[in-house]
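Me: I'd like a close look at one corner of this model, the place where a few helices pack together. Take me through it residue by residue, then move outwards as far as you can.

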Amino acid sequence: MALDGITIAALVNELKNTLVNGRITKIAQPEKDELLLTVKQSISDGSGGTKRFQKRLTVSVNPSLPLLYLNDENKQSPLSAPTFCMVLRKHLNNCRITDIRQEGLERVIRIELEHLDEMGDLCHKFLIIELMGKHSNIIFTDDNNKIVDSIKHISLLVSSVREVLPGRDYFIPDTQNKYDPFTITEKEFTDIILAKPMDIAKALYTSLTGFSPVMSNELVYISSLSDKNSTKELSGMEKLHLYRNFTRIMEQVKEAGFKPCIIYKENEPVEFSCVPLTMYSGSSTYQVKQYESASQMLCLYYSSKEVISRIRQKSYDLRKITNTALERARKKYDLQEKQLKDTGKRDKYKVYGELLTTYGYELKGGEKSFTCDNYYTNEKITIPLDENMSAVDNAKRFFGKYAKLKRTFEALSVQIEETRQEISHLESVSNALDIARYEEDLATIRKELSEYGYIKRRNEQGKGSKKTARSKPLHYISSDGFDIYIGKNNYQNDELTFKIATGNDWWFHAKASAGSHVIVKTDGKELPDRSFEEAARLAAYYSKAREQGKAEIDYIQKKHVKKPNGSKPGFVVYYTNYSMTIDTDISGIKEVQE
């Protein structure tokens, strides 16, 4: 989701508490649409001393991802500073931040700055940050609201609404005719906004400044109106109930009662918010994680999004190769099954040959068929004949057909098993791609596909070849304190099962489904039922069965798990196992980040 007015309010509250009275000691412009301000702050430590700290404020007005957050990281600046950066350095070097505020619930942040001019007189300037999608900008104005400069110059040729050029007056254009959520009356809310003939949530976010679709859906949900589709379906009492819940949210924003959180689905961030999103609570599909600040929330959300996006892009060719090979193998398997079915009549030809050998003396020649007793079933049987061949030759013909079909059956039986194993192997590779998190995970999968001939082997010893970091298995800790390890690919599965696990450790795997090997290290202790269930949930979640919501899990002590000679990585056999059916919810299991 994009930044909305409530998230901006949380950021402004954080910036106020952190940066006000601090001094800007460094101004950099790492990108053409990004500004980096280094702010040093001194505060009393309560014991007569002074505590000093430094923060960096990153402001990006990239049209595709406008963003603002506090962090401690620095960025490389260009050798030659852009014009806007030089203007800010001229006016604002060592200036003091006196105030930071938001314009209503607009996505606009106004930073008031105090500095000395060339004559030594105290002056006030303003740095205005507009985070409005493709219209985002950073504008520097004087105390008379005149634009000194901006990171993006907007002329009337670009926008007929407002010019953003040095010397022009600064103003926030009101082009959408939306209501201010802080000042809207009950009558305006119920009689105007909720009178619009459209979806309830849409009526809210298209009418209220800074109110996003996510917050609109949350408001509808907490008002128990999620089953109502249109404003036309609302009664007077329901409209009033909706307005009162709306005022509660706005009171929470006014009082800075922010609780930054990210909503995850299968470890992928899908939403963020600075007020609780109850519509996701209690769901096994989504997990809610709380964070200390809006900056931390935004940093983690977008960095996670970037990692996932990059991994998906980099894994595209591997997915395509795997899916193509899997589709080809499945088609081959279906064809082989059909051919195997056709060999089922081989025994019939053998019986024909034996009966002709036994009773063929009764034939005089020229018959098209022959009926005799089948001494295997004690029933009459009619055998089709070639009228131009003798009984002996007809028998030989049937024995020949039998021999050919028998050879085909034996060859196909071997081929079908090989194809079945190939499909199982490719499905496990596909599952590994689904749970891959880092580039080293993809490198391991690429190596496996290369070794089995699905992609052309690279010259890894060639000049300039780089060693990739080693992929590590996932690590969780059960509620009872037991370490649980999960293989992210077939090589890790083998390593976990046959090198890391000891004989009495427990091994888990989704039954008849591609998935990770899950190992619970017991250290010789008895494993509680809760840890069994948590390990089973992890095995279900990190398998192809996770899409079904529930899965049957096999579990057994590691000493009973064997690997056949010459089998593909990740393939094991076991015979005396336990089983349980369990859901795929792993939200309560602690993951160890390594």
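At what angle do the axes of helix H8 (residues 316-342) and H11 cross, and within what distance do they come?

Reply: Bear in mind that this is a predicted model. The axes of H8 and H11 cross at roughly 35 degrees and come within 11 Å. As for the hand, H8 and H11 make a left-handed crossing. On the H8 side, the residues in the contact are Asp 317, Leu 318 and Thr 322, while H11 brings Leu 442, Ile 445, Arg 446 and Leu 449. Sort the contact of H8 with H11 by class and you get four nonpolar residues, one polar and two charged. If you want to label them, Leu 318 of H8 and Leu 442, Ile 445 and Leu 449 of H11 are the nonpolar ones. Thr 322 is the polar one, and Asp 317 and Arg 446 are the charged pair of residues.

H11 has another partner, so let's turn to that. H11 covers residues 439-451, and its axis comes within 10 Å of the axis of H10, with a crossing angle of roughly 165 degrees. That makes H10 roughly antiparallel to H11, because the angle is over 145 degrees. H10 passes H11 in a left-handed crossing. The H10 residues that do the touching are His 425, Val 429, Ala 432 and Leu 433, and they meet Leu 442, Ile 445, Glu 448 and Leu 449 of H11. By class, the contact of H10 with H11 has six nonpolar residues, one polar and one charged. Here His 425 is the polar residue and Glu 448 the charged one. Put the two contacts side by side and you'll see that Leu 442, Ile 445 and Leu 449 of H11 turn up in the contact with H8 and again in the contact with H10.

Next comes a lysine that ties into this neighbourhood. Lys 488 sits in the loop between strand S16 (483-486) and helix H12 (490-500). Its relative accessible area is 5%, so Lys 488 is buried, the cut-off being under 20%. What does the side chain of Lys 488 do in there? It makes a polar contact of 3.1 Å with the side chain of Asp 441, and it also reaches the backbone oxygen of Lys 472 at 3.1 Å. Leaving out residues up to four places away in sequence, Lys 488 touches Ala 432, Ile 435, Tyr 438, Asp 441, Ser 471, Lys 472, Pro 473 and Leu 474. Ala 432 is a name you've met already, as one of the H10 residues in the contact with H11.

Now follow H10 along to Asp 434, which lies in that helix (residues 391-435). With 30% relative accessibility, Asp 434 counts as partly exposed. Outside its neighbours within four places in sequence, Asp 434 is in contact with Arg 319, Lys 544 and Arg 546. With Arg 546 there is a polar contact between the side chains, at 3.4 Å. The C-alpha atoms of Asp 434 and Ser 543 are separated by 9.1 Å, although the two residues are 109 apart along the chain.

Elsewhere on H10 you'll find Arg 407. At 52% relative accessibility, Arg 407 counts as exposed, since the cut-off is over 50%. The C-alpha atoms of Arg 407 and Thr 357, which are 50 residues apart along the chain, are separated by 22 Å.

For another helix pair to set beside these, look at H5 and H6. Their axes come within 9 Å and cross at roughly 125 degrees. That makes H5 oblique to H6, and the crossing is right-handed. H5 puts Met 215, Leu 219, Val 220 and Ile 222 into the contact, against His 241, Leu 242, Asn 245, Phe 246 and Ile 249 of H6. The residues of that contact divide into seven nonpolar, two polar and no charged. In the loop between H5 (213-222) and H6 (236-254) is Ser 224, which has a positive phi of about 60 degrees although it is not a glycine. Ser 224 counts as exposed, at 58% relative accessibility.

Methods. Residues numbered from 1 in each chain as written. Predicted model: local features only at pLDDT ≥ 70, side-chain atom pairs only at ≥ 80, totals over all residues. Heavy atoms only, no water. Helix = DSSP H or I, 4+ residues; strand = E, 2+ residues; numbered from the N terminus. Buried < 20%, exposed > 50% of the residue type's maximum accessible area, 1.4 Å probe, protein only. Contact = heavy atoms within 4.5 Å. Polar contact = N/O pair within 3.5 Å; in protein donor to acceptor, adjacent residues only side chain to side chain. Axes fitted to C-alpha atoms, helices over the stretch in contact; angles between N-to-C directions. Parallel < 35°, antiparallel > 145°, perpendicular 65-115°, else oblique. Left-handed = near helix turned anticlockwise from the far one by under 90°.
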